[in-house]
Every structure is written in C-alpha cells, then in structure tokens.
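Visitor: I'm new to this one. Can you put it on screen and walk me through?

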Protein chains: 2
Amino acid sequence: MKLLQERIIKDGTVLPGNILKVDSFLNHQIDVKLLIEIGNEFKKRFTEKRITKVLTVESSGIAVATVTAINFKVPVVFAKKGHSHNQDEKLYESEAYSFTKKQPYVMKVSKKYITSMDTVLIVDDFLANGEALKALIDICHQAKCKIAGVGIVIEKSFQPGREKIEKFGLKIESLARISKMKNGKVFFIV
Amino acid sequence: MKLLQERIIKDGTVLPGNILKVDSFLNHQIDVKLLIEIGNEFKKRFTEKRITKVLTVESSGIAVATVTAINFKVPVVFAKKGHSHNQDEKLYESEAYSFTKKQPYVMKVSKKYITSMDTVLIVDDFLANGEALKALIDICHQAKCKIAGVGIVIEKSFQPGREKIEKFGLKIESLARISKMKNGKVFFIV
C-alpha cells in the first residue's frame with residue numbers, strides 16, 4: 001500500500017533495537033484519513049471471504065479493526081490483556097510473550113463472542129515476532145471457528161513473525177512489509 | 001439517544017455493585033452499526049465547535065473516539081495507561097484512580113500530539129466516578145488547549161463523575177444517562 005509506505009518514510013522514526021515508531025499516525029495519534037484507507041484495503045484483500053467477525057487485541061489494534069469491521073458490516077471483538085483467570089470456563093485464554101515489556105501476558109476473549117459458526121478475520125497493527133497473532137490464532141482454534149486470514153498494517157519481514165503464522169496455513173496480507181531498517185531508513189519489500 | 005437506551009435494556013447486564021456490563025456491543029465485542037450512530041450523535045451535539053483533535057484513553061474509548069474523529073475529519077489521540085515516567089519532559093502525565101482495579105494508574109500523552117493550538121473533544125465510553133476524565137482534562141490543561149466538551153456514551157448519573165466534571169465548566173453530552181439500576185433493571189434520565 002503505497003500511501004502507507006510513503007507515510008512510514010515521512011513520519012516513522014527508526015530507533016535502536018529495530019524499533020519503528022509510528023505513533024504520530026497509527027498507534028498514539030491516529031490519522032483517520034489513512035485509517036479509512038487501511039480499512040478499505042483490507043476489505044479489498046479479503047473480499048472473497050464471508051467474514052462474520054473481525055478480531056484484534058487491545059489497544060493499538062482496535063482502531064484498525066473498527067474501520068475494517070465497518071467495511072465488512074460485522075462486529076469487532078478485541079481480546080483483553082491481563083492475568084489468567086485460571087481456566088475460567090467462560091473465557092478463551094492464550095499466553096503470549098511481550099518482547100517490548102519482556103514478560104508474558106494472557107489474552108482473553110469471552111466464549112460468547114467467537115463461536116464455531118464464525119469466520120474470523122484477524123487484524124493487528126504490527127507483525128514482528130508473531131506472539132500476539134499466535135495467541136489470537138490459538139483462541140480461534142479453541143473456538144473452532146474458521147479463520148479467513150490475517151491482516152497486518154506493518155510487517156517487519158526480517159523478524160520471525162510471518163514464518164510462524166504461515167505454518168498455520170493462513171493467508172497473511174500485510175499493507176507494508178519492511179525488509180530492513182538501517183541508519184534510520186526504512187526499506188520495503190515491493 | 002433512544003437506540004442506545006434500547007440496546008442497554010436489551011443486552012446490558014446489571015451485576016452486583018452497580019456494575020453495568022455492555023461487553024456484547026460496546027467494550028469487548030462492538031456493534032459497528034451502533035458505533036457509527038454514536039459517532040454521528042457526537043458530531044451533531046458538538047457541531048458548532050471547531051474541533052481539531054478527539055482525545056480518549058485506551059482501551060475501550062478508542063473505537064468510540066475513532067468513529068467520532070472520522071466525522072470531524074480530525075486525528076484521534078488516545079492516552080496510554082502505565083507507570084509514571086517520572087516527569088518525562090516529552091509527556092503529559094496525570095494520575096487517576098481505578099475503582100475497578102482498586103489502584104491508581106498514570107495516563108500519558110505525548111506533548112507532540114496535543115498543543116495550545118488545539119480544540120479538543122474528549123470522549124469516553126463510561127462516566128461513573130469521573131477519574132479517567134479528570135485526568136484527561138488535566139492533560140488538556142497542561143497542554144493549554146481549548147476543550148470543546150466531553151462526550152460520553154453511558155453515564156451513571158447516580159455516581160459523582162458528572163458533578164466533578166461540571167466544576168470545570170465543561171459541556172458534557174452523555175448519550176445515555178442512567179438514574180438508577182435496581183433488581184437487574186436500568187432506569188434512564190429522559
């Protein structure tokens with residue numbers, strides 16, 4: 001998605017440790033014009049699927065999931081982060097590791113909102129190590145729902161996330177795929 | 001807002017301790033059709049103001065703020081919750097108390113995204129004790145921006161939040177105002 005690549009080059013900041021800050025337009029302040037284009041692009045890329053729910057995880061996935069769900073005219077469900085409820089029978093739970101916070105956390109979704117009848121599109125703002133996505137996929141597997149695919153705004157293709165997700169046989173659509181970041185510059189897979 | 005009141009009666013659940021669960025349509029699963037109507041209603045109620053930013057706090061305010069900001073064609077900014085950075089000069093910080101989690105937390109907004117040039121509409125999903133809103137208002141005061149007003153989806157009018165916020169001389173628009181909850185039923189101020 002050219003508009004997104006241009007915006008990353010213009011307003012993204014590369015920090016030490018391969019960190020890309022996009023908080024001026026995606027995950028602290030959000031440019032709603034760009035956000036709408038992102039939602040439209042996901043609609044195009046998954047249009048053949050009969051999606052019934054868009055699933056993401058709080059917090060920075062919510063805005064992206066919302067505009068996408070508006071396009072598909074289906075509900076958004078966002079997983080909540082927190083501590084385990086020790087096998088609360090009303091919740092799907094899955095553990096993920098946060099490389100940013102250097103600790104594991106539990107992702108939770110009420111069993112009421114994802115069922116075996118659903119076809120779920122999973123979306124998130126970033127794909128890097130794939131930990132959050134793996135947990136969302138695990139929750140879908142617990143729910144025995146269909147997964148239409150995975151929509152990612154920014155993929156760091158030099159990190160192992162995509163490979164992990166592809167092992168599940170899922171379609172991944174990333175709107176910007178970063179091949180490397182060097183000397184403060186971002187390079188894309190085109 | 002009649003549609004919202006009807007939905008609260010139909011799908012809200014009253015739990016002990018004056019808790020209203022609306023996670024089937026507002027803050028875990030989100031009904032995007034209702035969400036769009038909420039965004040349209042805020043546009044109507046604050047239409048005379050020259051709003052430049054919509055401000056909320058993660059996580060459950062984000063979807064509401066996003067559809068509202070789309071209507072105003074302005075960016076969303078969402079405050080992040082976390083620990084204090086000890087007066088990080090790049091951040092506005094304000095402390096709020098979580099009655100749900102029974103502990104204080106710090107709300108943070110980058111100084112880059114709210115400035116004295118802005119006219120900010122603050123929105124959130126709930127107004128109960130007013131702690132989160134007080135912190136968002138404090139952040140606006142630190143930024144010396146104008147505050148266009150406060151837009152709330154569900155107000156528990158029997159709790160002290162509105163009174164606290166009115167002391168700041170701000171316009172508050174709540175789309176559903178709950179006067180009491182009794183025997184599992186919700187009663188509205190009409």
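Guide: Sure. This is a predicted model. Let's start with helix 3 of chain B: 10 of its 11 residues are buried, so the helix is largely enclosed by the rest of the structure.

Visitor: Which residues of helix 3 of chain B are buried?

Guide: They are Ile62(B), Ala63(B), Val64(B), Ala65(B), Thr66(B), Val67(B), Thr68(B), Ala69(B), Ile70(B) and Phe72(B).

Visitor: And just after helix 3 of chain B, what does Lys73(B) do?

Guide: Lys73(B) takes a positive phi there, about 55°. Most residues other than glycine have a negative phi.

Visitor: OK, the contact between the chains. How many residues does it take from each?

Guide: 23 residues from chain B and 23 residues from chain A. On the chain B side, strand 3 (29-30), helix 2 (32-45), helix 3 (62-72) and strand 5 (76-82) each supply at least two residues.

Visitor: Which of them gives the most?

Guide: Helix 3 of chain B, with five residues.

Visitor: What classes of residue are on that side?

Guide: The side of chain B that touches chain A has 12 nonpolar, six polar and five charged residues.

Visitor: Do the copies meet through the same surface, or through different ones?

Guide: The same surface. 100% of the interface residues of chain B are also interface residues in chain A, so that follows directly.

Visitor: What rotation superposes chain B on chain A?

Guide: A rotation of 180°, with 0.0 Å of shift along its axis, and the RMSD is 0.0 Å. The two copies are thus related as by a two-fold rotation axis.

Visitor: Which strands pair across the chains?

Guide: Strand 5 (residues 76-82) of chain A and strand 3 of chain B are joined by two bridges and run antiparallel. Val77(A), for one, has Gln29(B) as its bridge partner.

Visitor: Back to that stretch before helix 3. Where is Ser59(A)?

Guide: Ser59(A) sits in the loop between strand 4 (53-57) and helix 3 (62-72) of chain A.

Visitor: Is Ser59(A) buried or exposed?

Guide: Buried. Ser59(A) has 22 other C-beta atoms within 10 Å, and the cut-off for buried is 20 or more.

Visitor: What does Ser59(A) touch?

Guide: Leaving out residues up to four places away in sequence, Ser59(A) touches Glu58(B), Ser59(B) and Ile62(B). Within its own chain, Asn27(A) is 32 residues apart from Ser59(A) in sequence, and their C-alpha atoms are 8.5 Å apart.

Visitor: Is the peptide bond from Glu58(A) to Ser59(A) cis or trans?

Guide: Cis, with omega near -5°. A cis bond also joins Glu58(B) and Ser59(B), with omega about -5°. Most peptide bonds are trans.

Visitor: New topic, the core. Which residues touch the most other members of the largest nonpolar core?

Guide: Leu136(A) and Leu136(B), out of 118 residues in that core. Not counting residues up to four places away in sequence, Leu136(B) touches Leu55(B), Val57(B), Ala79(B), Met107(B) and Ile122(B).

Visitor: What about strand 9 of chain B, how many of its residues are buried?

Guide: Nine of the 11, so to speak mostly covered; strand 9 spans residues 146-156.

Visitor: Which strands is strand 9 of chain B joined to?

Guide: Eight bridges join strand 8 (residues 119-127) of chain B to strand 9, and the two run parallel. Six bridges join strand 9 to strand 10 (residues 172-182) of chain B, also parallel. In the first pair, Leu121(B) has Gly149(B) as its partner. In the second, Glu155(B) stands opposite Arg177(B).

Visitor: How does the chain cross from strand 8 to strand 9 of chain B?

Guide: Through helix 4 (residues 131-143) of chain B, in a right-handed β-α-β crossover.

Visitor: Last one. Is Asn183(A) buried or exposed?

Guide: Exposed: Asn183(A) has 5 other C-beta atoms within 10 Å. Asn183(A) is in the loop between strand 10 (172-182) and strand 11 (185-188) of chain A. Its phi is positive, near 50°.

Definitions and conventions: Residues are numbered from 1 along each chain as its sequence is written. Chains are lettered from A and ligands numbered from 1 in the order in which they are written. This is a predicted model: local features need pLDDT of at least 70, side-chain atom pairs count only at pLDDT 80 or more; totals for chains, interfaces and linings use all residues. Two residues are in contact if their C-beta atoms, placed from the backbone, lie within 7 Å. Helices (H or I, at least four residues) and strands (E, at least two) are DSSP runs, numbered from the N terminus. Ala, Val, Leu, Ile, Met, Phe, Trp, Tyr, Cys and Pro count as nonpolar, Asp, Glu, Lys and Arg as charged, and the others, Gly among them, as polar. Two strands pair if DSSP finds at least two bridges between them. A nonpolar core is a set of buried Ala, Val, Leu, Ile, Met, Phe, Trp, Tyr and Cys residues joined through C-beta atoms within 7 Å. A residue is buried if 20 or more other C-beta atoms lie within 10 Å of its own, exposed if 12 or fewer, and partly exposed in between; C-beta atoms are placed from the backbone. A crossover is right-handed if, with the strands pointing away from the viewer, the path from the first strand over the helix to the second runs clockwise. Copies are superposed by least squares on the C-alpha atoms of residues with pLDDT of at least 70 in both.
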